[in-house]
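Got the viewer open? Let's take a walk through this one, stop by stop, with something to select at each.

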Amino acid sequence: MSEKKTFYITTPIYYPSANLHIGHALTTVMADTMSRFKRMKDYEVWFLTGSDEHGQKIERTAKSQGVEPKAYVDNIVEGFKRLWKRLDISNTDFIRTTDERHIKVVQNIFKKIYEKGDIYKSEYEGRYCTPCETFFTERQLNEEGSCPDCGRPVELIKEESYFFKMSKYQDRLLKYIEDTPDFIHPVTRRNEMINFIKQGLEDLCVSRTTFDWGIPVPIDEKHVIYVWFDALTNYISALGYGTENDELYQKFWPVDIHLVGKDIVRFHTIIWPTILMAADIPLPKKVYGHGWLLLESGKMSKSKGNVVDPNVLIDKYGVDPIRYFLLREIPAGSDGYYSEEALVNRYNTDLANDFGNLVSRTVAMVDKYFGGIIPEGNVPGQYDDELKALAAKVPEEAEGFIENMDFANALAAVWKLINRANKYIDETMPWALAKDEGQKGRLATVLYNLLEAIRISTTMLIPALPQTPAKVGEQIGFDFSNSRWNDAKTWGLIKPGNRVNKKDAIFPRIDPKTLEVNEMETEEKVPEKTFSMEPLKEEITIEDFAKVDLRVAEVIACERVENTDKLLKLELKLGEETRTIVSGVAKHYEPQELVGKKIIIVANLKPAKLRGIMSQGMLLAASNGDVLEVITVEKDLPAGSRVK
């Protein structure tokens, strides 16, 4: 028997300056979904999360509350663990930087690099952001002279420090990134890091003397090891690197995916790899920097107080609806927006109406027409082949998206099958078949096909919605507990003769009017926005409309227009020709998100020059306030097809 394939995925270790918010839940749910998917593919998975507990900010916060730093973080970290348990996170390990197993590895690596000559003592004078635990040069500060990451004031610090020769590894790191396209994802983050390195890397301050809450430098205990050198090492200290018990390190390193928010990509793709190079340790296979979950008022921040508590949402809506919203609402690699209104809309539309209603209708019909016993379907008819063809196609499509950390499109693919099954009910009209005793065999086939579509859809939802399959299985008479991903690629696993169990709706619909507005813990409540439709324009005739030539166009390339914040330049395939369009959607889309999409354009619009680029048409998009979506075509229509 061949040895199992291995898969190692990590989240950042979260900073216990306060309780976690919904943005932290996003990262961890993404990592958990990937872990569950890989287990369904028969991988041996190691999934690590944890807490980053040292640094000046923690020391100051604990002191302000009159407690020791360790006592302070112990309490916060227990809250982390409770939240991950509530969200059904299946992490294999939880690392704390105050763990003895971690401290020893950090000190050993520091000593190893020091003895190699790549760490030296000097004096540091620079700008330091305590909340971000980061030093910045003058040129890195923003226009106000504040932290470029969080915008808060920085302190001028002068002290004796140890420095890591990060600059020594600049050329080697740049070559590695350029030669290894899969190392940094998505491509926008990769390009940002390449540009950052080309500006020149400076040596990194890796110790501090102005506070004590940290790991002592092994060669000089007046110093504590600077937080990023300490924190990043967790990914190998948890595996027992450099110890007698290093079996996990030998089995799982290098890591398959470091999953991080886009704000800390730099630390994971520049500081961490150079430390590993200096320590002669293999580099990670991939660092994936996902976008932020934003409020309409901007980025969530514990220090700003504008955070959404996932515990409150779990109490209100349950675990799987929160997981579904996070995974479905955030485009791969881009930012997404949170509001309770959006969460409820997504819940009602997708989970209650589409999926939950499909299960309820199907089970109710089996119960009504066959006494709750699953019939054998052997009378094929119209629409069966289309449903089965889609059921065969969607698992491959969803799998491809998940492998690329594109959970939003993976779930959208699953919903294609769910929506097709709902349409199949309308097409086959089981209630009409039930009136004709001669159609009993056809009715049995229709209901069996619906149960199979539900089973296949539910199998694909196991990684994202771990609590839902058992509820669905209880109703459709199927056990999902040992399901594998390939089961979704196999038609006919539902056993005729099993009994369905009609129960309450899996996702009961929520009445938006009865919701309490309780989105944020803020000093000022943000008024809930309501949609107000713009007035309709004056009537036109059919002849007026006929003058507008709308066509399907395929985006074959896309890039930002230099020196603008709003404009994207799109290269389009339109029939046999290629044309260029300039569009003001850059604040809503990263260029790579649109490549490969089929969009709708006004093809006969008079060309116009925008920022020196001749724009030959206009794309169609829908918008409401700050939300905008480019209109795309789902079916495989050729570029150039007319839109009527």
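Let's begin at a small sheet. Select β9, β10 and β11: these three strands make an open sheet in the order β9-β11-β10, and the pairing is antiparallel. At the edges you'll find β9 (207-208) and β10 (216-217), each of which pairs on one side only. Now keep β9 and strand β11 (residues 220-225) on screen: they run in the antiparallel sense and pair over two bridges. To see a bridge up close, pick Ser-207 and look across to β11, where its partner is Ile-225. Keep in mind as you click around that this is a predicted model.

**Stepping back**

Zoom out for the whole protein. How many helices and strands does the protein have? There are 20 helices and 26 strands. The radius of gyration is 28 Å, close to the 26 Å that the globule rule gives for 644 residues, so the protein is as compact as a globular protein of that length. Turn the C-alpha trace along its principal axes and it spans about 90 × 65 × 55 Å.

Switch on a surface if you like: the protein exposes about 30100 Å², with carbon and sulfur atoms supplying 48% of that. Of the 644 residues, 53% count as buried. As for how the chain meets itself, take the contacts between residues at least 6 apart in sequence: 75% of them join residues at least 24 apart.

**A four-strand sheet**

Next, select β4, β5, β6 and β8. They form an open sheet in the order β5-β4-β6-β8, with antiparallel pairing. The edge strands here are β5 (134-136) and β8 (204-205), and each pairs on one side only. Strand β4 (residues 119-129) meets β5 in the antiparallel sense over three bridges. Show Arg-127 and you'll see Phe-136 of β5 standing opposite.

While you're in this part of the sequence, add Tyr-128 and Arg-208 as sticks. Arg-208 lies over the face of Tyr-128, at 4.3 Å from the ring centre. For another view of that kind, pick Lys-262 and Trp-292: Lys-262 lies over the ring face of Trp-292, at 4.5 Å from the centre.

**Ring hunting**

Colour the aromatic side chains now. How many aromatic pairs does a search of the whole structure find? It finds 21 aromatic pairs. Start with Tyr-8 and Trp-253, which sit edge-to-face, 6.3 Å centre to centre with 65° between the planes. This pair links distant parts of the chain: Tyr-8 is in strand β1 (residues 6-14), while Trp-253 is in the loop between α9 (247-252) and β12 (257-261), 245 residues apart. Are Tyr-8 and Trp-253 buried or exposed? Both are buried.

Then hop to Tyr-241 and Tyr-249. Their ring centres are 5.1 Å apart and their planes are at 65°, so this pair is edge-to-face. Tyr-241 counts as buried at 14% relative accessibility, and Tyr-249 does too, at 11%.

Before moving on, select Tyr-8, Trp-46, Tyr-235, Phe-252, Trp-253 and Trp-272 together: they form one aromatic cluster.

**An enclosed helix**

Jump to helix α12 (residues 319-329). Nine of its eleven residues are buried, so the helix is largely enclosed by the rest of the structure. Among the buried ones to click on are Val-319, Asp-320, Arg-323, Tyr-324 and Phe-325.

**A hairpin and a serine**

For the last stop, bring up strand β18 (residues 568-574) with β19, which pair in the antiparallel sense over seven bridges. Pick Leu-570, and its bridge partner in β19 is Ile-581. This hairpin has two residues between the strands, and Gly-575 takes a positive phi near 65° there. Five of the seven residues of strand β19 (residues 577-583) are buried, so β19 is largely enclosed by the rest of the structure.

Now select Ser-615, in strand β22 (residues 613-615). Ser-615 is buried, with a relative accessible area of 4%. Which residues is Ser-615 in contact with, leaving aside its neighbours within four places in sequence? They are Thr-580, Ile-581, Val-582, Pro-607, Ala-608 and Leu-610. You've already met Ile-581 on this tour, as the bridge partner of Leu-570.

Methods. Residues are numbered from 1 along each chain as its sequence is written. This is a predicted model: local features need pLDDT of at least 70, side-chain atom pairs count only at pLDDT 80 or more; totals for chains, interfaces and linings use all residues. Side-chain values use heavy atoms; hydrogens and water are left out. Rings of Phe, Tyr and Trp (its six-membered ring) pair if their centres lie within 6.5 Å; planes under 30 degrees apart count as stacked, over 60 as edge-to-face and the rest as tilted. Buried means under 20% relative accessible area, exposed over 50%, partly exposed in between (1.4 Å probe, protein chains only). A charge sits over a ring if NZ of Lys or CZ of Arg is within 6 Å of the ring centre and within 35 degrees of the ring normal. The radius of gyration is taken over C-alpha atoms; the globule rule is 2.2 Å times the number of residues to the power 0.38. Contact means heavy atoms within 4.5 Å. Accessible areas come from the Shrake-Rupley method with a 1.4 Å probe; for residues, only the protein chains shown count as cover. Two strands pair if DSSP finds at least two bridges between them.
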